[in-house]
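Visitor: I should like to take a close look at one part of this model, together with the setting in which that part lies. Please proceed from the chain to the individual residue.

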Amino acid sequence: MAPVKVFGPAQSTNVARVLLCLEEVGAEYEVVNIDFVAMEHKSPEHLKRNPFGQIPAFQDGDLYLFESRAIGKYILRKYKTREADLLREGNLREAAMVDVWTEVETHQYNPAISPIVYECIINPAMRGIPTNQKVVDESMEKLKKVLEVYETRLSQSAYLAGDFVSFADLNHFPYTFYFMATPYASLFDSYPHVKAWWERLMARPSVKKLAAGMAPQKA
């Protein structure tokens with residue numbers, strides 16, 4: 001069987017989310033780079049994979065998917081094993097908690113942390129745009145409020161959905177990884193349970209492998 005294909009640079013946060021799921025389940029895959037400078041993401045060929053001209057896109061035989069969280073769920077369902085059960089769909093209560101904290105990451109955590117990563121790393125390094133400190137400061141205040149909720153939750157369980165790692169936790173990896181390369185990484189020191197949770201995630205073999213290939217430069 002041919003390996004699945006992931007279209008987009010591995011350093012992309014959304015591509016990394018997909019690759020992390022593949023690594024967790026031990027699936028064979030191929031990363032097909034998309035050249036943004038050459039506008040490959042807007043080419044007719046890529047628009048067939050992702051009609052919005054974005055990354056990632058995903059191919060499994062004649063099936064094409066886009067949207068990283070949807071791709072991640074597909075991967076975790078297809079390759080689910082007793083050891084790699086990251087959606088917990090066999091347990092209604094646990095699956096509900098995975099869904100809750102996946103939504104929290106999407107609607108609360110990501111909107112607070114991602115502008116900091118863009119302003120400190122992506123815009124200066126890739127776009128030649130200086131950091132907008134006002135955006136950073138406002139986002140830091142939002143992130144602090146979110147982390148207060150996380151601190152309470154993670155004082156009750158080792159991971160977000162319970163005492164088991166899940167898709168909800170994995171979703172936090174890409175932006176948090178890059179956030180830790182900004183001058184604001186020490187923020188996590190103020191939230192000991194959050195910091196311990198992050199260290200547990202970083203110790204996972206799948207995360208270590210991806211992190212080695214992403215290696216951002218500190219702003």
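Guide: The account below moves from the chain to its domains and then to single residues.

The model is predicted, so local features are given where pLDDT is at least 70, side-chain atom pairs count only at pLDDT 80 or more, and totals for chains, interfaces and linings use all residues. Residues are numbered from 1 along each chain as its sequence is written, and side-chain values use heavy atoms, with hydrogens and water left out.

The protein chain contains nine helices and four strands, where helices (H or I, at least four residues) and strands (E, at least two) are DSSP runs numbered from the N terminus. In sequence order the pattern reads β-α-β-α-β-β-α-α-α-α-α-α-α. The radius of gyration of the protein chain is 17 Å, close to the 17 Å that the globule rule gives for 219 residues, so the chain is as compact as a globular protein of that length. This radius is taken over C-alpha atoms, and the rule is 2.2 Å times the number of residues to the power 0.38. The C-alpha trace spans about 45 × 45 × 25 Å along its principal axes.

Of the 219 residues, 48% count as buried; buried means under 20% relative accessible area, exposed over 50%, and partly exposed in between (1.4 Å probe, protein chains only).

The chain is divided into domain 1 (4–79) and domain 2 (92–210), with bounds that come from an automatic or database domain assignment. The C-alpha centres of domain 1 and domain 2 lie 22 Å apart. Between them, 13 residues of domain 1 are in contact with 16 residues of domain 2, contact meaning heavy atoms within 4.5 Å.

The part chosen for the close look is Ser166, in the loop between helix H5 (133–154) and helix H6 (167–170). Ser166 has a relative accessible area of 0% and is therefore buried. Leaving aside neighbours within four places in sequence, Ser166 is in contact with Leu86, Val98 and Ala161. Ala95 is 71 residues from Ser166 in sequence, while the two lie 9.4 Å apart in space, C-alpha to C-alpha. Across the protein chain, among contacts between residues at least 6 apart in sequence, 65% join residues at least 24 apart.

A second buried residue is Asn123, with a relative accessible area of 8%. Asn123 belongs to helix H4 (residues 92–127). Beyond neighbours within four places in sequence, Asn123 is in contact with Tyr118, Gly128 and Ile129.

Some backbone details complete the picture. Arg88 lies in the loop between helix H3 (68–78) and H4. The phi of Arg88 is near 55°, a positive value in a residue other than glycine, and Arg88 is partly exposed, at a relative accessible area of 21%. Met39 likewise has a positive phi, near 60°, and is a residue other than glycine. Met39 is found in the loop between strand S2 (29–32) and H2, and is partly exposed at 46% relative accessible area. The peptide bond from Ile55 to Pro56 is cis, with omega near 5°, and Pro56 is found in the loop between helix H2 (44–49) and strand S3 (57–60).
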